[in-house]
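Colleague: I'm new to this one and would like a close look at a single part of it. Could you take me through it slowly, and then show me what else is worth a look?

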Amino acid sequence: MIMSQASLREHPSILIIGSGFGGLGMAIKLKLAGFNNLTLLEKAERVGGTWRDNTYPGAACDVQSHFYSYSFEPKHDWSRKFGLQREILGYMEHCVQKYRLGSHIRFNSEVQEAAFDDETNQWSVTLANGEQLTANVLITATGQLNQPAWPNLKGLDRFQGKMFHSARWDHDYDLSDKRVAVIGTGASAIQFVPEIASKVKQLDLFQRSAAWVLPKPDRPFKRWEQTLFQKVPAWDRLYRYLIYWKNESRALAFTKFSGLLEYYANMAKREARKQVTDPAKLKKIIPDYKIGCKRILISNDWYPAINRPNVNLITDPIDHIDESGVITHEGHHHEVDAIICGTGFRASEFLSPIRITGRGGKTLNEAWQNGAVAFKGITVSGFPNMFMLYGPNTNLAHNSILYMLESQFRYVLECLEALEKYPDSAMDVRQDRQDRFTHVVQQGLEDTVWSSGCTSWYLDEHGRNTINWPGFTFTYRFATRRVDTADYQFLYPGQTAG
């Protein structure tokens with residue numbers, strides 16, 4: 001029996017947008033708590049979020065497998081220390097089956113708009129096909145890495161060859177013996193470039209800024225190790241615990257003592273010098289910004305791929321694209337058969353492209369005109385009974401986002417329990433509490449390595465870090481350990497917020 005409650009809680013009705021790790025985990029926790037009147041709205045035909053979308057060659061996680069899984073649903077037979085895309089997706093589908101979420105998921109249900117009705121205290125959700133749904137509670141679990149970012153280049157639509165984004169990989173297109181341009185050298189390119197470099201005739205890699213790349217301590221698990229994890233649960237828990245604290249210790253370097261990161265910078269330089277024999281390439285791949293300012297990447301085959309004779313590392317900025325290739329500022333024309341854009345995601349555009357309207361007809365875009373903010377990364381003033389998972393300033397550079405998500409699951413559950421004490425009400429976080437929390441977060445970010453001067457996807461168009469949490473994950477768990485109802489107004493249908 002999955003339910004932990006004697007009877008099912010049919011109130012409130014709950015809509016969850018997205019079926020990645022956030023949406024699935026939240027649904028599982030809701031069911032375990034007895035909240036059964038819930039529906040997950042998934043725009044695609046399959047669960048998985050970013051792990052469904054990113055199927056490019058070499059796709060894998062940069063967080064250790066045993067800590068990139070729910071604490072309440074351990075997987076003992078991970079094939080490697082760092083999970084591969086297909087294995088992570090399989091784990092998520094296993095969770096759907098075990099916790100019987102299938103009947104709660106609506107596929108091909110892309111959300112176009114969500115609006116809060118002041119008179120009924122309900123959310124009205126409009127799907128792309130025009131269908132409308134209503135619910136008491138709206139939980140968004142769209143993640144930060146779901147909207148591909150295409151490069152803003154002149155002539156991109158003129159190219160007559162094959163073009164696709166790494167997050168929408170075209171597996172039907174054979175890259176063998178092709179001249180290929182890759183735009184971008186971020187986390188995705190770090191993984192797929194080594195996979196395709198040996199297949200293509202020529203690879204022109206266009207790099208805007210170099211990345212700090214460290215060795216990846218990855219290897220397959222031996223069969224006896226998998227058996228030990230399964231037969232001795234205490235060892236599995238201890239192994240996970242050790243991973244957590246190993247990763248967590250790195251927060252000190254990112255937030256307080258950035259000088260500690262120089263050890264890793266020297267390690268990256270040593271690896272580059274050891275594996276890249278071309279002096280011109282070596283000069284280009286050593287970053288000129290402080291390590292940690294942008295996302296630190298891990299790979300064992302990036303530098304060997306760069307060193308291949310058929311790989312051209314180009315740092316001359318792209319001027320435009322024409323019908324047959326890429327033209328740089330210096331006027332060099334690079335003729336190619338295919339262009340792959342490894343240019344990441346629109347991470348700071350939370351919930352985009354969904355239009356969210358709260359109390360009094362105010363949209364989320366209007367509320368966030370100076371940057372995305374949310375109380376504890378979960379609730380936004382003026383948008384009652386809406387709870388965000390993986391919201392503003394809850395991303396990590398040092399540990400697993402699933403730990404943060406599980407903190408949010410608990411907080412949202414307690415919010416729903418608070419709502420049960422005030423039937424028909426909607427809880428809206430007070431503006432002053434949200435402002436105070438935002439000030440503390442932004443103040444905490446001021447002296448971090450992410451504020452050391454580089455441009456990165458951590459920063460929005462205003463140069464404000466709306467992505468990262470400025471501390472330890474256990475401090476976030478402590479901050480979300482309970483719901484203080486004094487932080488909220490409980491509004492009744494037709495009531496004006498005071």
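At what angle do the axes of helix α1 and helix α12 cross?

Modeller: Keep in mind as we go that this is a predicted model. Helix α1 covers residues 21-32 and helix α12 covers residues 401-420; their axes cross at roughly 45° and come within 10 Å. An angle of roughly 45° falls between the cut-offs of 35 degrees for roughly parallel and 65 for roughly perpendicular, so the two helices, α1 and α12, are oblique to each other. The crossing of α1 and α12 is right-handed. On the α1 side, the contact is made by Phe21, Gly22, Gly25, Met26, Lys29 and Leu30. Facing them from α12 are Leu402, Leu405, Phe409, Val412, Leu413 and Leu416. Sort the residues in this contact of α1 with α12 by class and you get nine nonpolar, two polar and one charged.

Stay with α1 for a moment, since it also meets helix α3, residues 85-98. Here the axes come within 10 Å and cross at roughly 25°, which makes α1 roughly parallel to α3. The crossing of α1 and α3 is left-handed, whereas that of α1 and α12 is right-handed. From α1, the residues in contact are Phe21, Leu24 and Ile28; from α3, they are Ile88, Tyr91, Met92, Cys95 and Val96. If you look back, Phe21 is also on the list for the contact with α12. By class, the contact of α1 with α3 has eight nonpolar residues, with no polar and no charged ones.

That's the part you asked about; now for a third helix pair. Helix α5 (residues 223-231) and helix α6 (residues 233-248) have axes 5 Å apart and pack at an angle of about 105°. That puts α5 roughly perpendicular to α6. The meeting residues are Leu228, Phe229, Gln230 and Lys231 in α5, and Pro233, Trp235, Asp236 and Tyr239 in α6. Their classes come out as five nonpolar, one polar and two charged.

On to the strands. As general background, strands of a sheet pair through backbone hydrogen bonds, either parallel or antiparallel. One open sheet has five strands in the order β10-β19-β11-β12-β15, and the pairing is parallel. At its edges stand β10 (162-165) and β15 (311-314), each with a single partner strand, so one side of each has no neighbour in the sheet. On average, neighbouring strands in this five-stranded sheet are turned by 15° against each other, direction ignored. For a pair to pick out, try strand β11 (residues 179-183) and strand β12 (residues 202-206), which pair in the parallel sense over five bridges. Val180 has Leu203 in β12 as its bridge partner.

Another open sheet has four strands, in the order β8-β7-β6-β20, with mixed pairing. Its edges are β8 (132-135) and β20 (355-357); each has a single partner strand, so one side of each is left without a neighbour in the sheet. Neighbouring strands of this four-stranded sheet are turned by 15° against each other on average, again with direction ignored. Strand β7 (residues 122-127) pairs with β8 in the antiparallel sense over four bridges, and Gln132 in β8 is the bridge partner of Thr126.

Finally, some buried spots. Helix α4 (residues 187-197) is mostly covered, with nine of its eleven residues buried; among them are Ile190, Phe192, Val193 and Ile196. Thr473 sits in helix α14, residues 473-479. With 0% relative accessibility, Thr473 counts as buried. Leaving out residues up to four places away in sequence, Thr473 touches Tyr244, Glu248, Leu396, His398, Asn399, Tyr403 and Met404.

Lys294, in turn, belongs to the loop between α9 (279-285) and β14 (297-298). Its relative accessibility is 18%, and buried means under 20%, so Lys294 counts as buried. Again leaving out residues up to four places away in sequence, Lys294 touches Ser209, Tyr289, Cys454, Thr455, Ser456 and Tyr458. If you'd like a distance across the model, the C-alpha atoms of Lys294 and Ala426 are separated by 39 Å, and these two residues are 132 residues apart along the chain.

Methods. Residues are numbered from 1 along each chain as its sequence is written. This is a predicted model: local features need pLDDT of at least 70, side-chain atom pairs count only at pLDDT 80 or more; totals for chains, interfaces and linings use all residues. Side-chain values use heavy atoms; hydrogens and water are left out. Axes are lines fitted to C-alpha atoms, for helices over the stretch in contact, and angles run from 0 to 180 degrees between N-to-C directions. Angles under 35 degrees count as roughly parallel, over 145 as roughly antiparallel, 65 to 115 as roughly perpendicular and the rest as oblique. A crossing is left-handed if the near helix is turned anticlockwise from the far one by less than a right angle, and right-handed if clockwise. Contact means heavy atoms within 4.5 Å. Ala, Val, Leu, Ile, Met, Phe, Trp, Tyr, Cys and Pro count as nonpolar, Asp, Glu, Lys and Arg as charged, and the others, Gly among them, as polar. Two strands pair if DSSP finds at least two bridges between them. Buried means under 20% relative accessible area, exposed over 50%, partly exposed in between (1.4 Å probe, protein chains only).
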